[in-house]
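Please open the model in the viewer and keep the sequence beside it. The tour below proceeds by selection, one stop at a time.

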Amino acid sequence: MNDLDKQDNWAAKMRARKPPSVGLDWRPDNTLNLSLSGDWARIFKASGNVSVSNGLMAQAAILGSQGKRTDQEATNFVTGYVDAMAPQDAAEALLLTQMAATHQATLMLARRRNDAETLPQQDAAERALNKLARTYAAQMETLKRYRSKGQQTVRVERVNVESGGQAIVGNVETGGACRRTG
């Protein structure tokens with residue numbers, strides 16, 4: 001199967017799969033009703049248990065809300081982001097939820113900075129925007145390290161080989177049988 005066939009296969013699967021979605025509705029008793037639709041399997045499986053998945057959904061539901069005004073698009077962005085990043089466990093699901101929230105806040109502050117009318121407003125928005133952008137980068141690095149299970153690569157930039165010495169260039173592995181000569 002060539003790369004184009006793989007891409008077509010992936011695109012067909014994505015068209016057939018309905019992404020997770022949340023409907024938000026305030027009830028007369030002042031509780032927020034969440035109605036779920038779409039394929040939540042990735043998020044539910046990663047969450048590990050019902051309490052974690054319910055907590056993630058409830059927290060995502062109130063992102064961008066003020067009082068009883070909720071932002072269904074913001075909620076669905078968060079669930080879509082978490083779903084698209086395919087979390088493998090609860091720690092990844094939680095971190096990805098934070099990353100989506102950080103991303104939303106970053107863009108909100110970018111807009112606020114552009115709309116600022118005074119220099120103090122611009123400075124405050126810029127400082128907060130900077131902090132959030134650095135936070136997102138740190139979260140991405142944390143996710144990368146977590147997914148690699150802490151494996152690190154050491155790269156030597158400079159090697160000096162004295163006259164008569166030898167150097168090995170490439171991967172060096174130990175193990176296997178040793179053969180004696182002489």
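Helices are DSSP runs (H or I) of at least four residues, numbered from the N terminus. The model shown here is a predicted one.

Begin by selecting Thr-79, which lies in helix H4. Is Thr-79 buried or exposed? Its relative accessibility is 5%, and because buried means under 20%, Thr-79 counts as buried. Next, display the residues that Thr-79 touches, leaving aside those up to four places away in sequence: Pro-20, Val-22, Trp-40 and Ile-43.

Now extend the selection to the whole of H4, residues 72–84, and add helix H5, residues 90–115. The two helices pack with their axes 9 Å apart, at an angle of about 135°; H4 and H5 are therefore oblique to each other. Their crossing is right-handed.

To view the contact itself, show the side chains on both helices. H4 contributes Ala-74, Phe-77, Val-78, Tyr-81 and Val-82, and these meet Ala-93, Leu-96, Thr-97, Met-99, Ala-100, His-103 and Gln-104 of H5. Of the residues in this contact, nine are nonpolar, three are polar and none is charged.

Proceed to helix H6, residues 119–147. H6 comprises 29 residues and reaches 42 Å from its first C-alpha to its last, close to the 42 Å expected at 1.5 Å a residue. Which residues of H6 are buried? They are Ala-125, Leu-129, Leu-132, Gln-139 and Leu-143, and H5 is included in what covers them.

Finally, select Lys-149, which follows H6 and has a positive phi, near 60°.

Conventions. Residues are numbered from 1 along each chain as its sequence is written. This is a predicted model: local features need pLDDT of at least 70, side-chain atom pairs count only at pLDDT 80 or more; totals for chains, interfaces and linings use all residues. Side-chain values use heavy atoms; hydrogens and water are left out. Axes are lines fitted to C-alpha atoms, for helices over the stretch in contact, and angles run from 0 to 180 degrees between N-to-C directions. Angles under 35 degrees count as roughly parallel, over 145 as roughly antiparallel, 65 to 115 as roughly perpendicular and the rest as oblique. A crossing is left-handed if the near helix is turned anticlockwise from the far one by less than a right angle, and right-handed if clockwise. Contact means heavy atoms within 4.5 Å. Ala, Val, Leu, Ile, Met, Phe, Trp, Tyr, Cys and Pro count as nonpolar, Asp, Glu, Lys and Arg as charged, and the others, Gly among them, as polar. The expected span of a helix is 1.5 Å times one less than its number of residues. Buried means under 20% relative accessible area, exposed over 50%, partly exposed in between (1.4 Å probe, protein chains only).
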